[in-house]
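Please look at the sequence and the 3D structure shown here, and then read the report that follows. It takes up one chain, then a pair of helices, and then the places where chains and domains touch.

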Amino acid sequence: MSQYLFYFLAFVSIFSALLVVTAKNPIHSVLFLIVTFFAIAGQYIILNAQFLAIVHIIVYAGAIMVLFLFVLMLLNLNKETEPVKSYLMKGIGVLAGCLLALVMVAALHKSTMSPALGLPNEDIGLVGNLGKVLFKEYVVPFEVSSLLFLSAMIGAVMLGKRDPKIEPVNESTN
Amino acid sequence: MKVPIEHYILLSTVLFCIGVMGVLLRRNAIILLMCVEIMLNSVNLLMAAFSTYHGDAAGQIFVFFIMVVAAAEVAVGLALIVMIYRNFKTTDINLFNKLKW
Amino acid sequence: MADLVYLIPLLPFLGFAINGLVGKRLPKPVVATIACGTVLGSFILSILCFKQVIDEGAFTAVLYDWISVGDTHIQIAFQIDQLSTMMMLIITGIGFLIHMYSDGYMHHDDGFHRFFAYLNLFIFSMLLLVMGSNYMLMFFGWEGVGLCSYLLIGFWYKNKEFGVAARKAFIMNRIGDLGLLLGIFMIFNTFGSIEYADVFKNAYAHGDSTNIICILLFVGAMGKSAQIPLYTWLPDAMAGPTPVSALIHAATMVTAGIYLVVRSNVLYIMSPNASELIMYVGLATAMIAATIGIKQNDIKKVLAYSTVSQLGYMFVALGVGAYTTAMFHLLTHAFFKALLFLGSGSVIHGMGGEQDIRKMGGLKKALPITHITFLIGTLAIAGVPFFSGFFSKDEILAMAHGHSDIVFTLLAITSVLTAIYMFRLYFLVFRGNFRGTHHQKEHLHESPMSMTIPLIVLAILATAGGFLGMPGWMSDNHILNHFLHPIVEGASHFHPSEFFEYTILSVSIVVLAVIIFAVRNYYITKSIVPESDEAESGFSKVLSHKYYIDEIYNTLFVKPIEALSVFLHKVVDNQILDGLVNGISWCVKQSANLFRLLQDGKLEWYMVGMVAGVILILVFNFFM
């Protein structure tokens, strides 16, 4: 059963990723990306990585995609303002992507999978177990990642500020 | 675990290459960032699959951290793009060519 | 004495260094004293060497082992034997007299210190030339005297023509030097060493290659001693100050070629072909120069052609194998030619710089000492009996007669021509009526003592010097021959018959009397003055233009080389070589232009590049 689910979700994720890349309207791209994220979250659930699935949906689909939508609407981008690429570049892009896929698959084709080490523990995806590992062995990266967030926040706020000298804040007169 | 790991690898590879194609094909900076997200997600998926297959929690921890970094990167990246839009009035990456000879 | 030998060339070199470096700040008497003093010191040391050679025989003084490669050892060593002491005495003795003369002659010149520096350098180089014990040191001196000749001919460098004359002298010398150098290389190749002792010891073993060596050495002598075809530099060298002409182009430098041949007489004895060549070249030179000299109107040019002619005599003597005779004539020639040149300098000094004999005349009263000494010189060079020139010239004639009658006849005719042009010169300058300007007549004055004393000394030597080599009918003791005997042991000694000697004596007296009378008649009694340059015509025009040899050389050699030089400059240097270098920079620029396009700021291309790189890495990693 889970196999068929896997193949179905895989198909959905690939299809929607393709549509992300090829959609003309950026809003459509965002929507298809959300679909992709949901499909991948489903994959996580199949793998019994519950915590990851929830976090994935909350962070990616809930926060990051919303941010993207905000920016898109702020900049008022739609189908007419989307720049068009030349056919040459399109051809080169497709070619490069396909070549990369080909090379990677061919590389993996030659290799053999080593057998699974140890017993496959199906419970490691549970919140409690994951949390234990996170706070015991990986506590330092955990704390450092909070610093990372701090710097990202500061950076984003600083970048987003309007410089009063260059752009006077007088939106009321616009 | 009836799905062999090779299928997960194949899926992840395909998603990654779709992301790469998107990066090369699209001229809008925001869509570019979204395609980078696709790439990151493909890696995430693979990591989680490996973690389940080997029973090692490190894979899922790593996925967690990748998400952290992706979030921070998106925040800062979008702030940059907004800033650029304010100056150039466009997000077409072809027009960001001031750093040349 | 052997350990003091190095002082002989060192003293003039010190004089050169001091005068050259700080001479400008020293007062003129000090400069002159340093210069003359060093030469006098060398002269005294040369006399001591001379005495030692007479008492004990030849010796070699080794200074320094210069080049030692494998079996080859080239040393800086001085060979003091009869030949070199004779040359050393001539160089330093006459050099000292000329230094004294220059003190008076160049007194008003700004380059006073420079002149003496160059003169001292010349003495140093010439001493190296004659004192060296191997061909290398001789060549060193050879080049040095060539350099000094250039420096001194172009001494008044502000006049461009003098510089051209100096260059001409140097270049012609260089052409001869090429032959000399090739000869030295061949000597080294054949004998494995260039020390005189080694070469002459083994000469008999390598008889077949000596012909080429001797011809090559003679080419060097041709350049240095102004033989045909490399003689045209000597008359042009008269652009230098008169003491230079006296020292370098009469007494010493031009005799370097003679010295070379006499020194290598062992080789020349074994090469009859080379000796024949020398004889014919010398003969031709003597004749042609004498014919040109008859028609020259510059007092120094006449003497220059006379020098060329007399050098031809010496080479004829060398060619017939009479090496000591050639040295004898070298000695007497040094005396009377230096005397004549210094005398002419005195005349020029008195006339305020005038050198054209058509504007002189009747200077007998105004310049008495100069007149007497010049007359003595003329008598000597013409071969008037019992003056020095008579002995040496007649000996050459006798030796030539022993070899071939034709050579003797032609040489005798040349002697007649010599007498004619010398007496022409004498009569036009000192006798008759004064033909110069009124201004010159006012300022005619005898030269100061510093100039007249050397004249007197040289006059005495010119009179008495001949008795060093008295022919058989006068005495049994030919002093010079006995002295130089160890040098020329292998040469054949030809003794002319007494009948021949008496014939020569009487014929020469008669002929000379006729010549003197005829010339005097022509120029004085009939008061015929040589025409101005434009009025010349016919064969006399050809003669006065020196057979147009200078013009021929110019068209044949100088102009093509100049054209080649222009071609090399415009085409090879400017276009090809510069083009190559510019081309390389063009290539760099173009490739830089190409590479610049990589960084055009287009993000898409960057990303494509990145992906392509990743693909390549994967391919190389997994499949190769």
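The secondary structure of chain C comes to 25 helices and two strands, where helices (H or I, at least four residues) and strands (E, at least two) are DSSP runs numbered from the N terminus. This is a predicted model, in which local features need pLDDT of at least 70 and side-chain atom pairs count only at pLDDT 80 or more, while totals for chains, interfaces and linings use all residues. Residues are numbered from 1 along each chain as its sequence is written, and chains are lettered from A and ligands numbered from 1 in the order in which they are written.

Along its principal axes, the C-alpha trace of chain C spans about 115 × 65 × 50 Å. Of the 624 residues of chain C, 50% count as buried, a term for residues with 20 or more other C-beta atoms within 10 Å of their own, the C-beta atoms being placed from the backbone. Among the contacts in chain C with a separation of 6 or more, 80% are between residues 24 or more positions apart; two residues are in contact if their C-beta atoms, placed from the backbone, lie within 7 Å.

Within chain C, helix H3 (residues 82-105) and helix H15 (residues 323-350) pack at an angle of about 5 degrees, with their axes 11 Å apart. Here the axes are lines fitted to C-alpha atoms, for helices over the stretch in contact, and angles run from 0 to 180 degrees between N-to-C directions. H3(C) and H15(C) are therefore roughly parallel to each other, as angles under 35 degrees count as roughly parallel. Residues that make this contact include C:Met86 and C:Ile90 of H3(C), and C:Met327 and C:Leu331 of H15(C).

Chain B touches both of the other chains discussed here: 58 residues of chain B are in contact with 69 residues of chain A, and the largest share of that side of chain B, 19 residues, comes from H3(B). The contact between chain C and chain B takes 10 residues from chain C and 11 residues from chain B, and helix H25 (residues 603-623) of chain C gives the largest share of the chain C side, five residues.

The table sorts residues by class: Ala, Val, Leu, Ile, Met, Phe, Trp, Tyr, Cys and Pro count as nonpolar, Asp, Glu, Lys and Arg as charged, and the others, Gly among them, as polar.

| Residues | Nonpolar | Polar | Charged |
|---|---|---|---|
| Side of chain B that touches chain A | 42 residues | 10 residues | six residues |
| Side of chain C that touches chain B | four residues | two residues | four residues |
| Contact of H3(C) with H15(C) | 11 residues | two residues | no residues |

Technical notes. Buried ≥ 20, exposed ≤ 12 C-beta atoms within 10 Å, placed from the backbone. Parallel < 35°, antiparallel > 145°, perpendicular 65-115°, else oblique.
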